[in-house]
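Dear colleague,

I am passing on the structure we spoke about, with the sequence beside it. Please have it open while you read the notes that follow.

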Amino acid sequence: MGILVDKNSRVIVQGITGREGANHARAMREFGTQVVAGVTPGKGGQQFEGWPVYNSVEEAKAAHDANVSIIFVPPAGAADAVLEAAHAGVPLIVLITEGVPTVDMMRAVQEVKQLDARSRAQGGQGIRLIGGNCPGLVTSGECKVGIMPNRIYQQKGRVGLISRSGTLTYEAAKLLLDAGLGTSTTVGIGGDPVIGTTFADVLPMFEADPETDAVVVIGEIGGADEEAAAEYIAGNMKKPVVAFISGRSAPAGKRMGHAGAIIMGNVGTPESKLAAFGAANVPVADTMPEIVDLVKKALNVTA
C-alpha cells in the first residue's frame, strides 16, 4: 500500500487516443497499473489497443468503477477536463498538461475544492487534484499514474518523495534507489503558480503512512509553498524530512523553467525558504547527491 494510489487503483485516461495519452497509457500498463479505459469525446464505443473508449468520464467511471483519472488534454481544454472528472466524482485527478492558462487553473482548483468539501460533507472520500504541469505520482512496485520512467520505481523503498520539479524528481528517486533506500510513494505536485495539491497537503499523508520512514521535499524558488511546508513540518511531523531547493542562484525576477519558479520582491526567495526550513530543523541539501547523505543520517543508516 502507498499513499493516494496502489495496486487496486483503477485508472482512466482522458485523451487516450492522442500521442502523449497513448504512449503513457502503454507505459503505465507495462508498469502494472490497472488502466481500465480511455475517454475521447466523439470516439465513444471504439476500442483503442484493447481499451474501451468512452465519450465522457461519467460513462467510463460507471462502467469500470474507476477511482483515478489522468489527463492528457491540450492546454485550452485541460481545465474543463479536470472539472468533467471532478463532477463525475472521480476521487483522484492527475493533470499532466503544461501551459494551462492560469485563470483556467484558478477556476478549476476552486471548483474542485468546493466539490471536495461537498463530497466529504456527504460522507464521500472527497476529490483531489494533482497538478497541473506535473509528472504525476507513483507508488513503487504497485501503481504509476504519470510519466515517470518505469525502471526507477520497480523496487519498493521507505522514503516518501514530494517535488515541484519533474526531472529532479526522477534524479532524486534514482539516487535513493542506487543508495539502497528507494521510494515508497513519489508525488510530483507540479511547478505552476496555481496547483491542486501542495507540499503541506501531502506531508500529512506520509506522516500517517506506515511504509514511509522519511520524506524528501524538492522545492524551487518562487511562491510560498516551501514556507508553508516548513510551518507544517515544525508543528506536526515526527518523521525526518530532508529538503532541496533548486534555482537558488537565480537572480530576482528571472523565471527558471517553471511558471511558478519566479522571485518577485521578497516573496519566494531562496533565503526565505532556507530560513523557513532551518527554523523547522529540516536539513537542506546543497546538491542532489547530498540528499542521500542527509536521509541516511536522519535514518541512522551507515552503509
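To begin with the charged side chains, with which residue does E211 form a salt bridge? The partner is K156, and the closest N and O atoms of the two are 3.4 Å apart. Please bear in mind throughout that this is a predicted model. The pair joins distant parts of the chain, since E211 sits in the loop between α6 and β12 while K156 belongs to strand β10, 55 residues away. E211 counts as partly exposed because its relative accessibility is 25%, and K156, at 32%, is likewise classed as partly exposed.

The structure holds twelve salt bridges, and two others deserve a mention here. E226 and R164 form one in which the closest N and O atoms are 2.7 Å apart; E226 lies in helix α7 (residues 225-236) and R164 in the loop between β10 and α5, with their positions 62 residues apart. Both E226 and R164 are buried, and salt bridges with shared partners join R164, E220, E226, E227 and K273 into one network. R19 and E20 also meet through their side chains, at 3.3 Å from N to O; here R19 is exposed, with a relative accessible area of 65%, whereas E20 is partly exposed at 36%.

D209, in the loop between α6 (199-208) and β12 (214-220), offers a contrast, for D209 is buried yet has no salt bridge, the nearest side chain of opposite charge being that of K239, 5.8 Å away. Apart from neighbours within four places in sequence, D209 is in contact with I3, S184 and K239.

Turning to the fold, seven strands form an open sheet of mixed pairing, in the order β9-β8-β11-β10-β12-β13-β14. β9 (143-146) and β14 (284-285) stand at the edges, each with a single partner strand, so one side of each has no neighbour in the sheet. Within the sheet, β8 (residues 136-139) pairs with β11 (residues 183-188) in the antiparallel sense over four bridges, and T139 stands opposite T185 in β11. Helix α1 (residues 19-31) packs on the sheet and touches β8 and β9, its direction making about 165° with that of β9, while α6 lies across β10, β11 and β12 and runs at about 165° to β10.

Finally, an unreviewed UniProt entry places the feature "binding site" at Y170, a residue of helix α5 (residues 166-178). Y170 counts as buried because its relative accessibility is 18%, which falls under the 20% cut-off. Leaving aside neighbours within four places in sequence, the contacts of Y170 are P135, I147, M148, P149, I152 and Y153.

With best wishes

Note on methods: Residues are numbered from 1 along each chain as its sequence is written. This is a predicted model: local features need pLDDT of at least 70, side-chain atom pairs count only at pLDDT 80 or more; totals for chains, interfaces and linings use all residues. Side-chain values use heavy atoms; hydrogens and water are left out. Helices (H or I, at least four residues) and strands (E, at least two) are DSSP runs, numbered from the N terminus. Buried means under 20% relative accessible area, exposed over 50%, partly exposed in between (1.4 Å probe, protein chains only). Lys and Arg count as positive and Asp and Glu as negative; His and the chain ends are not counted. A salt bridge is a side-chain nitrogen of Lys or Arg within 4 Å of a carboxyl oxygen of Asp or Glu. Contact means heavy atoms within 4.5 Å. Two strands pair if DSSP finds at least two bridges between them. Axes are lines fitted to C-alpha atoms, for helices over the stretch in contact, and angles run from 0 to 180 degrees between N-to-C directions. UniProt positions are given in the numbering used here, feature names are shortened, and annotations may be inferred rather than shown by experiment.
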